[in-house]
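Here is a walk through one protein chain, feature by feature. Keep the 3D view open and follow along.

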Amino acid sequence: MGDSSAKKPPKLPIPGRRNILITSALPYVNNVPHLGNIIGCVLSADVFARYCRLRGYNAIYICGTDEYGTATETKAMEENCSPKEICDKYHSIHKEVYKWFDIGFDEFGRTSTRQQTEVCQAIFHRLMENNWLSENTMQQLYCETCQRFLADRLVEGTCPTVGCNYESARGDQCEKCGKLLNPTELSDPKCKVCRNTPRIRDTDHLFLELPLLSGKLEKYIIEMSMAGGWSQNAIQATNAWLKEGLKPRCITRDLKWGVPVPHDKYKDKVFYVWFDAPIGYVSITACYTPDWEKWWKNPDNVELYQFMGKDNVPFHTVMFPSTLLGTGESWTMMKTISVTEYLNYEAGKFSKSKGIGVFGNDAKDTKIPSEVWRYYLLTNRPEVSDTLFTWADLQAKLNSELLSNLGNFINRVLSFIAKPAGAGYDSIIPDAPHAESHQLTKLLAENVGKLIDQYLDAMEKVKLKQGLKTAMSISSEGNAYLQESQFWRLFKEDPSSCAIVMKTSVGLVYLLACLLEPFMPSFSNEVMRQINVSPENLSFCDENGEISKAKRPWDFLPAGHKIGKPEPLFKELKDEEVEFFRHKFAGSQADRLLKAETDARKIAEQLKTAKLSEGKTKKQSAKAVGSTKAKASEAEISISRLDIRVGLIKEVQKHPDADSLYVEEIDVGEDSTRTVVSGLVKYIPLEEMQNRKVCVLCNLKPVGMRGIKSHAMVLAASNDDHTKVELVDPPASAVVGERVAFAGYSGEPDTVLNAKSKVWDKVQVDLHTDGELVACYKDVPFTTSAGVCKVSSIASGAIR
């Protein structure tokens, strides 16, 4: 990765060479990336960057985390920390995930830097000077409850597009139909923080005058989409925007976390994240080298390739180019855009918010090597339509393509060469004069030559899936060549032909290591180790004659070269492992946690039973039946009997007939909310109850409280003298409706707790907060899919 301690000097454009600047859409710092994010952006760009380096092009790959904007500010509010702390946490997580996936950035930076502010503000000043910005009063949604203007992503409502009507459209874009929106266009808008209906209020903002820039923009799009061979989905998304007619686009927002607007009238505002986020490509390059302008203001000598998912297209083909064109400066404009559709998971969509699918850290935990994940994702790259991840397909690709085709070919060749003299070549590559006159070898060379041309054509056009498929076809040709030559017979019957076959085949092994390095770098490194050639020598350049050599594969490695020790390259993925992973990653992350706790409980019970039975005779066991039953009955009263769930307070008001009581409507994951009455008025202000996640005991018998029946209980902690009470808070990203788990305690809860057996009373005495403010039963934390539940400040408090 580009951030390693032994950092190389930054590369700069070289006259006369192909200088290629590669970016992938900056991942947002609000969650762990899932496989769909990885293939959609960073992995695809990494493959192309590695290909460019392999070909000897002067290429750099720039990426980083997108850190400003509403989502960060909101998450910081939820987690009671600063936006910077949120960004530091997730930047580190992203970096680790990409490192494991062998993503080779030249620079992996972030947008919350001094350089971002400087570049962003400089571009803004140029746009102001050139009169491409206008001031306007716009109507924006204002939440009276939260006392703030609501940024686009803090508003949800129904998409106004005819035929869409998606009910969870964001204020800036509908995820279902892809249409860009203004929050005021939504039907039935709600504040995402408190779920109340905001009202429209006037506020002044700055706008980029896209209609005035449309002439310059359309000229750029027409020329570059042809020259750069834009993918069809990119062209369609861009044309859809242009067809609707460009409108002035607001570039400022009423937020604190962002690049400040350098204008007296707007000094309390920041730039809209989609104005400043693409500028992050430039500022991260400025962190890479102070001579960043040699990359970004050098259109005659630098080609810009950008990789992203389909939802990001208009911002890169319309907004960002318009911004750069409006400065009047000579910017390096995007030449080629590579866009992916969606990768879906088993039966549905990957979802960060719902925790559905396989995430970057999950992939590492499976112990399936990173090159296998890379290969599978790239063979499934959704280039023209959505594709589907399934565990069975991953198994099939690994076992039949990587193991049986690629691994088998390489291992057969190297193992035979490594055999001792008399049975093989004692690890020394044999000499093979006149290989081109060997008919079978000549035919192989012709077929490989055609495949090399197809590979290069596909990769130059950024058709990565086709490039990978073509490289794998060379392995298939190699296997067929070995089989048809019957080299094991030739070794005794026709040694000179056998030498030709083996020298040619080991050349193919080297060739495959080259061609597959962009896709599976750790695989290629291992192959190079096994053939005893430094991985740094991997190259496929025209000027080095390697393209023509590939059509004469017997010339790749010299006679007399000693290879290393051959070892298997891939391990079979068995049916029972596939079933295990499918089961493990089924449902949401919340479901997985509960299943893990159930399994842990079963093991604990088995161990407990084993211990009880130790040293007992059948007679003793018979005598103890009565007492054992009594003890079992007693032991059954535990936290597992309680149905404690993560709830979300949708509405709250004071009880009409009791000053100390609140009446809440709480979503606990059922078809309708539950009415709950809580004696919290004296301790917690009304506004702090709004839209708050809480822990709710759901299986108490409903009880009337001053004329209103309460159907659950909100759990809270109190200090010794009950002068202070605080709610037990689940993590902000916990799933509403998920059952709170307790390690070592599982099983289905009672439908309704029996008042006579006093289950709640007996369990409650063991509910408390510990010294770290974690809510516990005995010494076991309240646990959700997103982490443990805590209180704000009450240590060693009782929970009830």
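How many bridges pair strand 19 with strand 20, and in which sense, parallel or antiparallel? There are five bridges between strand 19 and strand 20 (residues 674–678), and the pairing is antiparallel. Before going on, bear in mind that this is a predicted model.

## Strand 19 and its neighbours

Strand 19 covers residues 662–667, and five of its six residues are buried. In its pairing with strand 20, E664 has V676 as its bridge partner. The two strands make a hairpin with six residues between them. Look in the turn for G669, which has a positive phi of about 85°.

Strand 19 also pairs with strand 18 (residues 644–654), through six bridges and again in the antiparallel sense. Here L648 is matched with D667 of strand 19. As background, strands of a sheet pair through backbone hydrogen bonds, either parallel or antiparallel.

## A parallel sheet with helices across it

Now turn to an open sheet of five strands, in the order 3-2-1-13-14, with parallel pairing. Strand 3 (107–110) and strand 14 (334–340) sit at the edges, each pairing on one side only. From one strand to the next, the twist averages 20°. Within this sheet, strand 1 (residues 19–24) and strand 2 (residues 58–65) run parallel and are joined by five bridges. One of the positions to click on is T23, whose bridge partner in strand 2 is I62.

Two helices are worth displaying along with the sheet. Helix 2 (residues 42–54) lies across strand 1, strand 2, strand 13 (302–309) and strand 14, and runs at about 165° to strand 1. Helix 9 (residues 279–288) lies across strand 1, strand 2, strand 3 and strand 13, with an angle of about 115° to strand 2.

## Two helices that cross

Helix 13 (residues 370–379) and helix 16 (residues 464–485) cross at roughly 115°, and their axes come within 8 Å. Which residues meet there? From helix 13 they are Y375, L378 and T379, and from helix 16 they are K465, L468 and M472. Sorted by class, that contact has four nonpolar residues, one polar and one charged.

## Aromatic rings

The structure holds 34 aromatic pairs. One of them is F271 with F275, a tilted pair with 5.1 Å from centre to centre and 40° between the planes. Both rings belong to buried residues: F271 has a relative accessible area of 3%, and F275 comes in at 2%. Another pair is F742 with F782, whose centres are 4.9 Å apart. Why is this pair called edge-to-face? Its planes stand at 70°, and the label applies because that angle is over 60 degrees.

F742 is in the loop between strand 26 (725–727) and helix 26 (759–764), while F782 is in the loop between strand 29 (780–781) and strand 30 (783–784), so the pair ties together parts that are 40 residues apart in sequence. F742 is buried at 4% relative accessible area, and F782 is buried too, at 0%.

Rings also gather in a cluster, where ring pairs link F48, Y51, Y57, Y305, F307 and Y455. Then there are charges over rings. R201 lies over the face of Y142, 3.9 Å from the ring centre. The charged end of R253 does likewise with Y272, sitting over the ring at 4.1 Å from its centre.

## A few single residues

Two residues that are not glycines have a positive phi. R195, in the loop between strand 8 (187–191) and strand 9 (199–208), has a phi of about 70°. R195 counts as partly exposed, because its relative accessibility is 24%. N691, in the loop between helix 25 (686–689) and strand 21 (693–697), has a phi of about 50°. Is N691 buried or exposed? N691 is buried, because its relative accessible area of 14% is under the 20% cut-off.

Finally, find L212 in helix 6 (residues 210–227). L212 counts as exposed, because its relative accessibility of 54% is over 50%. L212 and N361 are 149 residues apart in sequence, and their C-alpha atoms are 46 Å apart in space.

Terms used: Residues numbered from 1 in each chain as written. Predicted model: local features only at pLDDT ≥ 70, side-chain atom pairs only at ≥ 80, totals over all residues. Heavy atoms only, no water. Pairing = 2+ DSSP bridges. Helix = DSSP H or I, 4+ residues; strand = E, 2+ residues; numbered from the N terminus. Axes fitted to C-alpha atoms, helices over the stretch in contact; angles between N-to-C directions. Contact = heavy atoms within 4.5 Å. Nonpolar A, V, L, I, M, F, W, Y, C, P; charged D, E, K, R; others polar. Phe/Tyr/Trp six-rings, centres within 6.5 Å; stacked < 30°, edge-to-face > 60°. Buried < 20%, exposed > 50% of the residue type's maximum accessible area, 1.4 Å probe, protein only. Lys NZ or Arg CZ within 6 Å of the ring centre and 35° of its normal.
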